[in-house]
Amino acid sequence: MPEDTISETPAQETANDVVMRFLTQGGATVELHHQDKRVRTLPGSSVQVMPNGETRISHGFNWRCLGCGDIGGGGRYGLGDRHFDRFQKDEARNEANQHATTCRAMPKPTAA
């Protein structure tokens with residue numbers, strides 16, 4: 001199993017890029033974030049690769065559950081780290097909300 005490389009970031013430190021939040025069935029928070037990511041695909045496409053192996057910065061969105069740790073598309077080991085480009089804001093929001101409606105994770109305890 002791959003090593004977990006996700007770093008825990010308190011919600012107050014991520015507030016600047018949070019677009020919206022959803023509440024899970026167990027009371028944890030799912031945050032939808034602005035995300036910039038280097039990609040090899042054409043703008044507005046997740047499958048059409050840019051010519052000559054070029055890359056571009058895609059300004060878009062991703063979500064993360066602060067209860068169970070899932071990130072955009074599910075999974076914690078890179079396979080589910082889905083990036084939604086700026087044309088997919090509704091899809092990103094819907095997926096984050098769908099996760100919140102089915103996730104039963106409770107908020108993680110905080111140190112006193």
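What is the mean pLDDT of the protein chain, and what percentage of its residues reach 70 or more? This opens a set of exercises on a predicted model.

**Ground rules**

Residues are numbered from 1 along each chain as its sequence is written, and side-chain values use heavy atoms, with hydrogens and water left out. In this predicted model, local features need pLDDT of at least 70 and side-chain atom pairs count only at pLDDT 80 or more, while totals for chains, interfaces and linings use all residues.

**Exercise 1. Judge the confidence of the model.**

Step 1. Recall the scale: pLDDT is the predictor's confidence in each residue, from 0 to 100.

Step 2. Take the chain as a whole. Its mean pLDDT is 79, and 78% of the residues reach 70 or more.

Step 3. Find the extremes. Confidence is lowest in helix H1 (residues 11-14), with a mean of 43. It is highest in strand E1 (residues 18-23), at 95.

Step 4. Look at the start of the chain. Residues 1-14 have a pLDDT below 50, and beyond near neighbours in sequence this stretch has 18 contacts in the model. Contact means heavy atoms within 4.5 Å.

Step 5. Draw the lesson. Where pLDDT is low, the predicted coordinates should not be read in detail.

**Exercise 2. Lay out the fold and its strand pairs.**

Step 1. Count the elements. The protein chain has two helices and four strands. Helices (H or I, at least four residues) and strands (E, at least two) are DSSP runs, numbered from the N terminus.

Step 2. Put them in order. From the N terminus, the elements run α-β-β-β-β-α.

Step 3. Pair the strands. Two strands pair if DSSP finds at least two bridges between them. E2 and E3 pair in the antiparallel sense, over ten bridges. Arginine 38 has isoleucine 57 in E3 as its bridge partner.

Step 4. Move on to strand E4 (residues 84-85). Two bridges join it to E3, and the two run antiparallel. Here phenylalanine 61 stands opposite phenylalanine 84 in E4.

Step 5. Check the range of contacts. Of those between residues at least 6 apart in sequence, 54% join residues at least 24 apart.

**Exercise 3. Explore what is covered.**

Step 1. Set the cut-offs. Buried means under 20% relative accessible area, exposed over 50%, and partly exposed in between (1.4 Å probe, protein chains only).

Step 2. Apply them to the chain. Of its 112 residues, 34% count as buried.

Step 3. Apply them to E3. Eight of its ten residues are buried, so this strand is mostly covered.

Step 4. Find the core. A nonpolar core is a set of buried Ala, Val, Leu, Ile, Met, Phe, Trp, Tyr and Cys residues joined through side-chain atoms within 4.5 Å. The largest one has 13 residues, and Val30 and Trp63 touch the most other members. Strand E2 (29-39), strand E3 (56-65) and H2 each supply at least two residues of this core.

Step 5. Zoom in on leucine 32 in strand E2. Leucine 32 is buried because its relative accessible area is 0%. Beyond four places in sequence, its contacts include Met20, Phe61, Trp63 and Ala92. Methionine 20 is twelve residues from leucine 32 in sequence, yet 5.4 Å away in space, C-alpha to C-alpha.

**Exercise 4. Decide whether histidine 99 is buried or exposed, and list its contacts.**

Step 1. Locate it. Histidine 99 lies in helix H2 (residues 89-102).

Step 2. Classify it. The relative accessible area is 12%, so histidine 99 is buried.

Step 3. List the contacts. Leaving aside neighbours within four places in sequence, histidine 99 touches Val30, Trp63, Cys65, Cys68 and Asp70.

**Exercise 5. Trace the salt bridges of arginine 82.**

Step 1. Define the search. A salt bridge is a side-chain nitrogen of Lys or Arg within 4 Å of a carboxyl oxygen of Asp or Glu. The whole structure holds four.

Step 2. Take glutamate 91. Its salt bridge with arginine 82 has the closest N and O atoms 2.6 Å apart. Glutamate 91 is partly exposed because its relative accessible area is 35%. Arginine 82 has 31%, so it counts as partly exposed.

Step 3. Take glutamate 95. It meets arginine 82 in a salt bridge at 3.4 Å, N to O. This pair links distant parts of the chain: arginine 82 is in the loop between E3 and E4, glutamate 95 in helix H2, 13 residues apart.
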